Amino acid sequence: MLEKITIMHININSLRDHFTQVRNTIITNNLDVLSLVETWMTPNLPTTMCNIPGYKLIRNDRGLRATATKRKRKHDRKRKNKYMQGGGVACYVRSTIPHRVLHAPQIVTLNDTESLLLELGRGNRKLLFGSVYRRPGGFYLNEFFDTYYSLCHRPYNGFIIAGDFNADLLSDDYETVHFRRLVMEASLEFVPLVPFV
């Protein structure tokens, strides 16, 4: 089932605002899976507003309620919902690919890591796929990796974790060193990318 799949990841900064580009990216690149972070979707928004024929959108919205102070701001008063702006992870998965949500934790604080772990495929052709967002200065990724360890012993053909970890891999600060150690201890590898300057 999963002989070869095409996967892409984007920090979208509002799925609703960039929906046309997302749809065009999926179609143009014939993607099987598109991982998105910072979708800015909230629990009161229907998934149908971002439907793409032939794909299923699986979401894990930030879902934190805005504080009374933040609601007093002019732009928040105009909004019907009372959720904090930002965050959220999601994946578009081609409808023909069997999939199952394994973990979609609801965060409790703004600094919690937002994630979505999926099983793609079935039988002896399965992939563990994760979409992760860690806000700048957010908590370290220990809890996410604990969840990964609880699932990775299953018979998967591979593991892919995509996301925005807000860690400068060219730095030697504590956050980056800790992140590298977590990845190494999980026997994962970084996909080499050229940094933006």
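Helices (H or I, at least four residues) and strands (E, at least two) are DSSP runs, numbered from the N terminus. The model is predicted: local features need pLDDT of at least 70, side-chain atom pairs count only at pLDDT 80 or more, and totals for chains, interfaces and linings use all residues. Residues are numbered from 1 along each chain as its sequence is written, and side-chain values use heavy atoms, with hydrogens and water left out.

**Exercise 1. Place asparagine 24 and state its exposure.**

Step 1. Find the element. Asparagine 24 belongs to helix α1, residues 19-29.

Step 2. Fix the classes. Buried means under 20% relative accessible area, exposed over 50%, and partly exposed in between (1.4 Å probe, protein chains only).

Step 3. Apply them. The relative accessible area of asparagine 24 is 39%, so this residue is partly exposed.

Step 4. Look across the chain. Isoleucine 52 is 28 residues from asparagine 24 in sequence, and their C-alpha atoms are 10.0 Å apart in space.

**Exercise 2. Describe the chain as a whole.**

Step 1. Count the elements. There are five helices and eight strands.

Step 2. Read their order. The pattern along the sequence is β-α-β-β-α-α-β-β-β-β-α-β-α.

Step 3. Check burial. Of the 197 residues in the chain, 44% are buried.

Step 4. Check the range of contacts (heavy atoms within 4.5 Å). Take the contacts between residues at least 6 apart in sequence: 70% of these join residues at least 24 apart.

Step 5. Check the surface, using the Shrake-Rupley method with a 1.4 Å probe, where for residues only the protein chains shown count as cover. The chain exposes about 11,100 Å², and carbon and sulfur atoms supply 54% of that area.

**Exercise 3. Work out the sheet that contains β1.**

Step 1. Set the rule. Two strands pair if DSSP finds at least two bridges between them. Strands of a sheet pair through backbone hydrogen bonds, either parallel or antiparallel.

Step 2. Order the strands. The order is β1-β2-β4-β3, in an open sheet of four strands with mixed pairing.

Step 3. Find the edges. β1 (7-11) and β3 (55-60) each have a single partner strand, so one side of each is left without a neighbour in the sheet.

Step 4. Give the twist. From one strand to the next it averages 15 degrees. For such angles, axes are lines fitted to C-alpha atoms, for helices over the stretch in contact, and angles run from 0 to 180 degrees between N-to-C directions.

Step 5. Inspect one pair. β3 and β4 (residues 89-94) run antiparallel and are joined by six bridges. Here asparagine 60 stands opposite valine 89 of β4.

Step 6. Check the cover of β3. Five of its six residues are buried.

**Exercise 4. Work out the sheet that contains β5, and its helix.**

Step 1. Order the strands. Four strands form an open sheet, β5-β6-β7-β8, with mixed pairing.

Step 2. Find the edges. β5 (99-103) and β8 (158-164) have a single partner strand each, so one side of each lacks a neighbour in the sheet.

Step 3. Give the twist. The average is 20 degrees from one strand to the next.

Step 4. Inspect one pair. β7 (residues 125-133) and β8 run parallel, joined by seven bridges. Valine 132 has glycine 163 in β8 as its bridge partner.

Step 5. Add the helix. α4 (residues 142-151) lies across β5, β6 (114-122), β7 and β8, and runs at about 20 degrees to β6.

**Exercise 5. Which loops hold serine 14 and glutamate 38, and what is phi in each?**

Step 1. Recall the background. Most residues other than glycine have a negative phi.

Step 2. Take serine 14. This residue is in the loop between β1 and α1. Its phi is positive, near 100 degrees. Serine 14 is buried, at 2% relative accessible area.

Step 3. Take glutamate 38. The loop between β2 (33-37) and β3 holds this residue. Its phi is positive too, near 55 degrees. Glutamate 38 counts as buried, at 14% relative accessibility.

**Exercise 6. Trace the contacts of phenylalanine 190.**

Step 1. Locate the residue. Phenylalanine 190 is in the segment after α5 (174-185). At 35% relative accessibility, phenylalanine 190 is partly exposed.

Step 2. Set aside neighbours within four places in sequence. Phenylalanine 190 then contacts Leu169, Phe179, Arg180 and Val183.

Step 3. Add a distance. The C-alpha atoms of phenylalanine 190 and leucine 169 are separated by 9.7 Å, with the two residues 21 apart along the chain.
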